[in-house]
Amino acid sequence: MAQEEDIKYFVRVGTTDLDGTKSVRVALTGIKGVGRHTATVITRMAKVDEYAQLGRMDEASVDRLRVAVEQYNSKIPSWMANRPKDVYTGEQKHLFGGDVTMAKEEDVNLMRKIRCYRGIRHETGQKVRGQRTKSTGRTGSTVGVKRKSAGGS
């Protein structure tokens with residue numbers, strides 16, 4: 001029972017509460033903007049065992065993880081960033097947490113504003129990325145498929 005008491009179930013990294021029962025690598029993917037590859041890179045930057053349980057780590061290791069997340073943008077090449085060239089500033093960024101959602105919404109709003117094809121598709125709620133729409137993505141109260149009449153009269 002002593003093992004169960006020293007575990008922290010929630011560990012705060014950045015602006016996100018992470019699950020302390022998971023391994024460091026898996027728990028870091030709980031931050032929006034961090035996938036499996038990014039989580040591995042962050043654990044190696046912080047010199048932390050990626051398979052250790054996050055809730056059982058000492059406070060110094062968790063602090064190293066926090067610092068690694070903050071410094072991640074400046075230490076990676078541009079191809080690893082989730083925003084390699086920002087629309088407004090032109091610089092490389094890697095966004096975490098709520099910033100990812102905000103940036104995505106801003107991008108969609110810009111597309112709507114300049115009336116590009118993708119922006120118009122977003123506005124009308126249609127598929128944006130070139131998928132077929134004849135038989136999929138139907139919304140509304142349409143029930144069946146209309147067929148041509150067989151007779152011709």
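**A hairpin, a nonpolar core and a helix with one buried face**

In strand β2, the bridge partner of V13 is T16. This pair belongs to a predicted model, in which strand β1 (residues 10–13) and strand β2 (residues 16–19) run antiparallel to each other and are paired over 4 bridges. The hairpin that the two strands form has 2 residues between them, and in this hairpin G14 adopts a positive phi near 70 degrees. Along β1 the side chains point alternately to two faces: V11 and V13 are directed to one face and are buried, whereas F10 and R12 are directed to the other and are not buried. Such an alternation between the two faces of the sheet is what a regular strand shows in general.

Strand β1 also takes part in the largest nonpolar core, to which β1, α2 (24–28), α3 (36–45) and α4 each contribute at least two residues. This core comprises 23 residues, and the members that touch the most other members are L28, I42, L54 and L65. Helix α4 provides the largest share of the core, namely 5 residues. When neighbours within four places in sequence are left aside, the contacts of L54 are with V11, L18, D19, G20, K22, V24, A27 and L65; among these, V11 is one of the buried residues of β1, and L65 is, like L54 itself, one of the core residues that touch the most other members.

Helix α5 (residues 98–113) consists of 16 residues and spans 22 Å from its first C-alpha to its last, which is close to the 22 Å expected at 1.5 Å a residue. Within α5, the residues A103, V108 and M111 are buried. Viewed down the axis of the helix, the buried residues of α5 fall within an arc of 135 degrees, and they therefore line one face of the helix. The elements that cover these buried residues include α6 (117–124). Just after α5, a positive phi of about 60 degrees is found at R115.

A further residue that can be related to α5 is R83, which lies in the loop between α4 (59–75) and α5. Although arginine carries a polar side chain, attention here is confined to its placement: R83 is buried, since its relative accessible area is 12%, and the cut-off for a buried residue is under 20%. The side chain of R83 is joined to that of D107 by a polar contact of 3.0 Å. Apart from neighbours within four places in sequence, R83 is in contact with E91, Q92, K93, L95, A103 and D107, and of these A103 is one of the buried residues of α5.

Methods:
Residues numbered from 1 in each chain as written. Predicted model: local features only at pLDDT ≥ 70, side-chain atom pairs only at ≥ 80, totals over all residues. Heavy atoms only, no water. Expected span 1.5 Å × (residues − 1). Buried < 20%, exposed > 50% of the residue type's maximum accessible area, 1.4 Å probe, protein only. Arc of directions from axis to C-beta. Contact = heavy atoms within 4.5 Å. Polar contact = N/O pair within 3.5 Å; in protein donor to acceptor, adjacent residues only side chain to side chain. Pairing = 2+ DSSP bridges. Core = buried A, V, L, I, M, F, W, Y, C linked by side-chain atoms within 4.5 Å.
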